[in-house]
Amino acid sequence: MENTKRTAAPQFAFVGLVVSDMAASVAFYRRLGLVFPEGAEEQPHVEAALPGGLLLVLDTEETVRSFQPEWRAPAAGGRVGIAFRCEGPEQVDAVYEELVGAGYHGALKPWDAFWGQRYATVHDPDGNGVDLLAPL
């Protein structure tokens, strides 16, 4: 009889971003409620726990090049989508205004999307789109 022992599937562990300025990125994601260790701004690699046991991992460009010397930052636009669910439409508007007021680029002003959400997008310091959303 053939051995039918199954191994567990790999488990999704983290979303990783390569950042050009660790302090700027940590400050941005802290404004969205993520908790990084004290002194994270000076580290080459930091992690913040997300709901459900996942992590948001930030690595400096130098850290990535230390093990992948040929790595280069993309020339245009991010290819990662990150979204934060807000408590309601009013919070989408408030968080968007707070981030834009702090100098971050507002890529898409809050609007009532046809799929039933209040939706907005702000760019993090590296140009990654960070969506803010809540059910209408």
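Does glutamate 98 count as buried, partly exposed or exposed, and at what relative accessibility? I looked this up before anything else, and at 33% relative accessibility glutamate 98 counts as partly exposed. I note here that the model I am reading is a predicted one.

**Entry: salt bridges**

I searched for salt bridges and found that the structure holds 5 of them. I began with arginine 30 and glutamate 41, whose side chains meet in a salt bridge at 2.3 Å, N to O. This pair links distant parts of the chain, since arginine 30 sits in helix H1 (residues 22–31) and glutamate 41 in the loop between H1 and strand S2 (45–49), 11 residues apart. I then checked how far each partner is covered: arginine 30 counts as partly exposed at 30% relative accessibility, and glutamate 41 counts as partly exposed at 26%.

Glutamate 98 came next, and I find it in a salt bridge with arginine 31, where the closest N and O atoms are 2.1 Å apart. Because glutamate 98 lies in helix H3 (residues 89–101) and arginine 31 in helix H1, the pair ties together parts that are 67 residues apart in sequence. Arginine 31 is partly exposed, with a relative accessible area of 43%.

I also looked at arginine 118 and aspartate 112, whose side chains meet in a salt bridge at 3.0 Å, N to O. Here I noted that arginine 118 counts as buried, at 15% relative accessibility, whereas aspartate 112 is partly exposed, with a relative accessible area of 45%. Salt bridges that share partners join Asp112 and Arg118 with Asp93 into one network.

**Entry: aromatic pairs**

I searched the whole structure for aromatic pairs and obtained 5. For phenylalanine 28 and tyrosine 29, I read ring centres 4.9 Å apart and planes at 85°, so this pair is edge-to-face. I checked the cover of both: phenylalanine 28 counts as buried at 0% relative accessibility, and tyrosine 29 counts as buried at 0% as well.

The rings of tryptophan 115 and tyrosine 119 have their centres 5.2 Å apart and their planes at 85°, so I log this pair as edge-to-face too. Tryptophan 115 counts as partly exposed at 43% relative accessibility, while tyrosine 119, at 15%, counts as buried. Following the ring pairs further, I find that they link Trp111, Phe114, Trp115 and Tyr119 into a cluster.

I then asked which residues form a nonpolar patch on the surface. They are Leu108, Trp111, Phe114 and Trp115, and together they have about 450 Å² of accessible area. Tryptophan 111 belongs to strand S5 (residues 106–112), and at 30% relative accessibility tryptophan 111 counts as partly exposed.

**Entry: the sheet**

From S5 I went on to the sheet, which I record as an open one of 4 strands in the order S4-S7-S6-S5, with mixed pairing. Strand S4 (81–85) and S5 stand at the edges with a single partner strand each, so one side of each is left without a neighbour in the sheet. Neighbouring strands of this sheet are turned by 20° against each other on average, direction ignored.

Finally, I looked at how S4 is held to its partner: 5 bridges join S4 to strand S7 (residues 129–135), and the two run parallel. In this pairing I noted that isoleucine 82 stands opposite valine 130 in S7.

Key. Residues are numbered from 1 along each chain as its sequence is written. This is a predicted model: local features need pLDDT of at least 70, side-chain atom pairs count only at pLDDT 80 or more; totals for chains, interfaces and linings use all residues. Side-chain values use heavy atoms; hydrogens and water are left out. Rings of Phe, Tyr and Trp (its six-membered ring) pair if their centres lie within 6.5 Å; planes under 30 degrees apart count as stacked, over 60 as edge-to-face and the rest as tilted. Buried means under 20% relative accessible area, exposed over 50%, partly exposed in between (1.4 Å probe, protein chains only). Patches are made of residues with over 30% relative accessible area and no salt bridge: like charges are joined within 9 Å, nonpolar side chains (Val, Leu, Ile, Met, Phe, Trp, Tyr) within 5 Å. Accessible areas come from the Shrake-Rupley method with a 1.4 Å probe; for residues, only the protein chains shown count as cover. A salt bridge is a side-chain nitrogen of Lys or Arg within 4 Å of a carboxyl oxygen of Asp or Glu. Two strands pair if DSSP finds at least two bridges between them. Axes are lines fitted to C-alpha atoms, for helices over the stretch in contact, and angles run from 0 to 180 degrees between N-to-C directions.
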